[in-house]
Amino acid sequence: MSRRDELAANLSHVEARIQRACRAAGRPRDAVALVAVTKTWPLADCCLLKDLGVTDLGENRDQEAADKAAALDGVRWHFVGAVQTNKARSVASYADVVHSVDRPSLVSVLGDGAVRSGRTVEVLLQVSLDGDPDRGGAAPDAVPGLAEQVVLTEGLRLGGVMAVAPLGADPAEAFARLADVAARLRADHPQATAVSAGMTGDLEQAVAAGATHLRVGPAVLGARPASLR
Ligand SMILES: *Cc1c(COP(=O)(O)O)cnc(C)c1O
């Protein structure tokens with residue numbers, strides 16, 4: 001099978017999962033966007049996915065993402081991994097959406113980078129659902145303050161929230177807590193409608209809990225070599 005056929009088959013399987021999950025949740029299919037996470041996979045795969053109709057690609061390393069974004073137009077680039085502060089100006093020069101904003105210093109530097117590049121970058125606030133600082137994310141209590149900072153920062157637009165389900169916990173329960181944080185955020189900032197949650201293993205639970213963006217790697221691209229995670 002060609003790589004193109006393999007990606008097409010994976011995509012149709014993921015699409016069927018998303019449609020089933022939307023039907024079960026009573027949500028329209030177009031309420032949920034698929035972000036294909038192409039990290040560690042070659043640019044050629046990104047090009048094939050674009051050809052196959054994928055509009056949103058996700059990356060988590062600055063250099064790799066910058067190179068791919070420079071080489072491929074016409075897709076929305078999502079930065080989904082931890083952003084080191086010293087990479088934030090670079091990330092703001094090509095990312096359309098940054099899913100992993102979790103601290104005030106990062107907001108300032110991203111805004112500065114966006115302004116220098118003459119761009120507007122959409123920001124999702126990453127929420128920690130397990131309280132483990134090593135896995136990234138702001139405490140739910142810190143979200144309102146960060147949101148206020150984002151809306152006051154030139155070059156940034158507040159899009160919503162993002163989370164990764166805690167290891168070894170029930171994703172449905174975790175995504176329900178994220179939905180609460182998202183609802184409180186929308187009460188103050190009605191435009192902040194994005195809820196980025198759900199990956200290959202838990203996209204059904206994420207759709208049930210109201211996710212608007214699914215970040216899917218292996219189910220689209222195949223299993224990643226363990227050494228490259
Ligand atoms: C790699 C990555 C994904 C893709 O996850 P899979 O489990 O591999 O589908 C999603 N979100 C983040 C933050 C990632 O780093």
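**Close-up 1. The residues around the ligand.** In this predicted model, the ligand is surrounded by V37, K39, V80, M162, M199, T200, R215, V216, G217, P218 and R224, each with a heavy atom within 4 Å of it. This shell divides into six nonpolar, two polar and three charged residues; here Ala, Val, Leu, Ile, Met, Phe, Trp, Tyr, Cys and Pro count as nonpolar, Asp, Glu, Lys and Arg as charged, and the others, Gly among them, as polar.

**Close-up 2. Polar contacts of the ligand.** Look here for pairs of N or O atoms within 3.5 Å. A polar atom in the K39 side chain is 2.7 Å from a ligand oxygen, while a backbone N or O atom of G217 lies 2.8 Å from a ligand oxygen. The side chain of R215 places an N or O atom 2.9 Å from a nitrogen of the ligand. The protein buries 84% of the 390 Å² that the ligand exposes when taken alone (Shrake-Rupley method, 1.4 Å probe).

**Close-up 3. Helix α1 meets a distant stretch of chain.** N10 belongs to helix α1, residues 3-25 (a DSSP run of H or I, at least four residues). Beyond its neighbours within four places in sequence, N10 contacts A219, V220, L221 and G222, with heavy atoms within 4.5 Å. The C-alpha atoms of N10 and V220 are 5.0 Å apart, although 210 residues separate the two along the chain.

**Notes.** Residues are numbered from 1 along each chain as its sequence is written, and side-chain values use heavy atoms, leaving out hydrogens and water. Local features need pLDDT of at least 70, side-chain atom pairs count only at pLDDT 80 or more, and totals for chains, interfaces and linings use all residues.

How values were computed. Polar contact = N/O pair within 3.5 Å; in protein donor to acceptor, adjacent residues only side chain to side chain. Helix = DSSP H or I, 4+ residues; strand = E, 2+ residues; numbered from the N terminus.
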